Amino acid sequence: MDRRAFLATGAGVAAAALAGCAAGGSGGGEYDVGMSTDAFRPETVTVEVGETVVWRNTSKQGHTVTAYGDQLPDGADYFASGDADSQSAAEDAWMDGAGGRLGQGDTFEHTFETPGEHGYFCIPHEEVGMVGVVTVEASGSE
Ligand SMILES: [Cu+2]
């Protein structure tokens, strides 16, 4: 409706995607983790502290990016599409009208500040194995 607002939003996403690319080193794509109809691709990514991971729904299927509350390093920020602040809140939002849903082409990003493995899943497709892990390494470690 408001074309300028639409364009501004698009520019913001592009900038975020570029930032994620530069940080995550995904090799020139506009995202770090894509989504097929039933899987995150790739299922595992490794970044350094302070880097941003960008997910993009590269399928026509609706998905979520939802952290497992009990699979985060101590002190890590919770993350989920829709910005729920806990796994139960994310699941409630999903049940209550598909809150946090990422449609085709939608993106979600999170900046990781805590070293360790961050497990996450897609709420509607967890049962078919749509899960992933973001491994965060201390800055400068190899
Ligand atoms: Cu899914």
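**Close-ups of a predicted model**

**View 1. Strand β8 has one buried face and one that is not.** In β8 (residues 131-137) the side chains take turns: G132, V134 and V136 point to one face and are buried, whereas V131, V133, T135 and E137 point to the other and are not. That's the pattern from the textbook: in a regular strand, side chains alternate between the two faces of the sheet. Keep in mind here, and in every view below, that this is a predicted model.

**View 2. β8 and its partners, β3 and β7.** Strand β3 (residues 44-48) runs parallel to β8, and five bridges join the two. To get your bearings, find V45, whose bridge partner in β8 is V134; V134 is also one of the residues on the buried face of β8. Strand β7 (residues 116-121) pairs with β8 too, but in the antiparallel sense, over six bridges. Here a handy landmark is E117, which stands opposite T135 in β8. T135 belongs to the face of β8 that is not buried.

**View 3. Helix α2 and its two sides.** Which residues of α2 (residues 87-95) are buried? They are Q87, A90, A93 and W94. Seen down the axis of α2, these buried residues fall within an arc of 125°, so they line one face of the helix. The spacing makes sense because an α-helix has 3.6 residues a turn, so residues three or four places apart point the same way. Part of what covers the buried residues of α2 is β5 (66-67). Turned away from that buried side is a face carrying the exposed residues S88, D92 and M95. After α2 comes G97, with a positive phi near 110°.

**View 4. A84, in the loop between β5 and α2.** A84 sits in the loop that links β5 and α2. Is A84 buried or exposed? It counts as buried, because it has 21 C-beta neighbours inside 10 Å, and 20 or more are enough for that label. Leaving aside neighbours within four places in sequence, A84 is in contact with A89, A90, A93 and G100. Two of these, A90 and A93, are among the buried residues of α2. As for G100, its C-alpha is 7.9 Å from that of A84, with the two residues 16 apart in sequence.

**View 5. Strand β4 and the strands it pairs with.** β4 (residues 52-56) has four of its five residues buried, so it is largely enclosed by the rest of the structure. Strand β1 (residues 33-35) runs parallel to β4, joined by two bridges, and V33 stands opposite W55 in β4. Strand β6 (residues 107-111) pairs with β4 in the antiparallel sense over five bridges; look for V53 with its bridge partner H110 in β6.

Conventions. Residues are numbered from 1 along each chain as its sequence is written. This is a predicted model: local features need pLDDT of at least 70, side-chain atom pairs count only at pLDDT 80 or more; totals for chains, interfaces and linings use all residues. A residue is buried if 20 or more other C-beta atoms lie within 10 Å of its own, exposed if 12 or fewer, and partly exposed in between; C-beta atoms are placed from the backbone. Two strands pair if DSSP finds at least two bridges between them. The arc is that of the directions from the helix axis to the C-beta atoms. Two residues are in contact if their C-beta atoms, placed from the backbone, lie within 7 Å.
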